[in-house]
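I have a new structure open and want to get my bearings in it. These are my notes, in the order I looked things up.

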Amino acid sequence: MGDYYWNSKIDYLSKTRSLYYNDDYLEFLVKCVWKITSPVRIIDFGCGYGYLGTKFLPLIPEGSTYTGVDAGNKLIDHAKELFAGTPFKTEFILGDVQKMSFEQKYDIVVCHAFLLHVENPKETLQKMLSCLVDQGRIICFEPHWISAMANYYLDGYNSSDVVQLGFLQELFERDSKRSGKDGNIGIKLPVYLSQLGVKQIECRVSDKVNFLDPYSEHGKQDALFNSLKEDGFGAEPGAEERFIANLVNRGATCEEALKEYRLELFLSNIFQNDVFLTYAANMKITTGVIYQNKRGQPEQSG
């Protein structure tokens, strides 16, 4: 697993997670919405470096446990280092969750920006649900890319000057049909969970609006600017020929690809750390509860 793609993305993951949520909103969800008031056993599918563990464990009752599973050995090693010396009960397992079987049952199964990278999200959701005890809860933090792309405002420019919403929506849809991987899966999860027998389904939107403010503290401005660039906004598009070939391979026409290249090159030139920008990632947070029949299978509607 030494060549696993996400092993080389620890820095990216660390820098970009802060763009999605305010800590007080996550605390509100845990304590007031999901009402986690007694110790729970949590398993995190595609845990990365344990980001959700760093957020959940300080908020949930003492005695809770957190198990993270990921296919990246460097990610797992980083997670173990991150939690070493903390009072939290954690376990990190190296493995591909889609090929693993889980005998232990958990009270809560979670994932963060994981399902968009799998080719068979419904099958993966079914495996996640199979890890739960009766009346266990699933919580999925997943993106809706096209709504995220619509949630940028760069002062001095029309939104259409920096983002081709129509083209990108079609491109994302073509990608999903071709590969099975769906960057817009966040908005679809309530439907998928209902079809799998989950009850009490709710879907929320992440609360954070990032504000790049030239009048703010210099260090804070630089940190946010770097996080936004790391997340892809205003990034250099690279060589024109390669960029266009990649989009054509994804189903774009040469004309569409060239227009997108010129737009992204333009954006990379104008996006500097002295501009005003607001951005909301608009992550979808979907949850539900599983009720099992006597055979340990989800009860179906009807």
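My entries go from the whole chain to single residues.

**Entry 1: the whole chain**

I remind myself that this is a predicted model. I started by asking how many helices and strands there are in the chain. I get 12 helices and 10 strands. The radius of gyration is 20 Å, and the globule rule gives 19 Å for 302 residues, so the chain is as compact as a globular protein of that length. Along its principal axes, the C-alpha trace spans about 60 × 45 × 40 Å.

**Entry 2: inside and outside**

What share of the 302 residues is buried? I read off 47%. For the outside, I have an accessible surface of about 15,200 Å², and carbon and sulfur atoms hold 49% of that. I also looked at the charges: there are 32 positive and 40 negative ones, and their mean positions are 7 Å apart.

Next I looked at contacts between residues with a separation of 6 or more. Of these, 79% join residues 24 or more positions apart.

**Entry 3: the cores**

A reminder to myself: in soluble globular proteins, nonpolar side chains tend to be buried together. So I went looking for nonpolar cores. The largest nonpolar core here has 63 residues, and W34, F141 and F271 have the most contacts inside it. Which helix gives this core its largest share? That is helix α2, residues 23–33, with five residues. Apart from this core lies another one of 27 residues, including V69, V97, L115 and Y192.

I then picked F271 and listed what it touches, skipping residues up to four places away in sequence. The list is L154, L212, F225, L228, K229, F233, G234 and L277.

**Entry 4: T286**

I found T286 in strand β10, which covers residues 284–290. Is T286 buried or exposed? Its relative accessible area is 0%, so T286 is buried. Beyond the residues up to four places away in sequence, T286 touches I138, I139, C140, G186, L189, P190, L193, I201, E202 and C203.

**Entry 5: two residues with positive phi**

Most residues other than glycine have a negative phi. I noted two that go the other way.

Q135 is not a glycine, yet its phi is positive, about 65 degrees. Q135 sits in strand β5, residues 132–142. At 52% relative accessibility it counts as exposed, because the cut-off is over 50%.

Q200 is my second case: its phi is near 50 degrees, again a positive value in a residue other than glycine. I place Q200 in strand β7, residues 199–205. With a relative accessible area of 49%, Q200 is partly exposed.

**Entry 6: Y66**

Where does Y66 lie? I see it in strand β2, residues 65–70. Y66 is buried, as its relative accessible area is 2%. Leaving aside neighbours within four places in sequence, I listed its contacts as I42, D44, C47, G50, L52, G53, L57, K89, T90, E91 and F92. I checked G50 from that list: Y66 and G50 are 16 residues apart in sequence, and 9.2 Å separate them in space, C-alpha to C-alpha.

**Entry 7: N184**

N184 belongs to the loop between α8 (165–179) and α9 (189–195). Buried or exposed, I wondered about N184? Its relative accessible area is 8%, so N184 is buried, under the 20% cut-off. Setting aside neighbours within four places in sequence, N184 is in contact with P143, H144, W145, I146 and F172.

**Entry 8: V33 and D11**

V33 brings me back to helix α2. Not counting residues up to four places away in sequence, V33 touches F28, E202 and R204. E202 is also on my list of contacts for T286. How far is V33 from E119, C-alpha to C-alpha? I have 31 Å, for two residues 86 apart along the chain.

D11 is in helix α1, residues 10–16. D11 is partly exposed, with a relative accessible area of 44%. I paired D11 with G186, which is 175 residues away along the chain, and their C-alpha atoms are separated by 24 Å. G186 also appears among the residues that T286 touches.

Methods: Residues numbered from 1 in each chain as written. Predicted model: local features only at pLDDT ≥ 70, side-chain atom pairs only at ≥ 80, totals over all residues. Heavy atoms only, no water. Helix = DSSP H or I, 4+ residues; strand = E, 2+ residues; numbered from the N terminus. Rg over C-alpha atoms; globule rule 2.2 N^0.38 Å. Buried < 20%, exposed > 50% of the residue type's maximum accessible area, 1.4 Å probe, protein only. Contact = heavy atoms within 4.5 Å. Areas by Shrake-Rupley, 256 points an atom, 1.4 Å probe, with all protein chains shown as cover. Lys, Arg positive; Asp, Glu negative; His and termini not counted. Charge placed at Lys NZ, Arg CZ, Asp CG, Glu CD. Core = buried A, V, L, I, M, F, W, Y, C linked by side-chain atoms within 4.5 Å.
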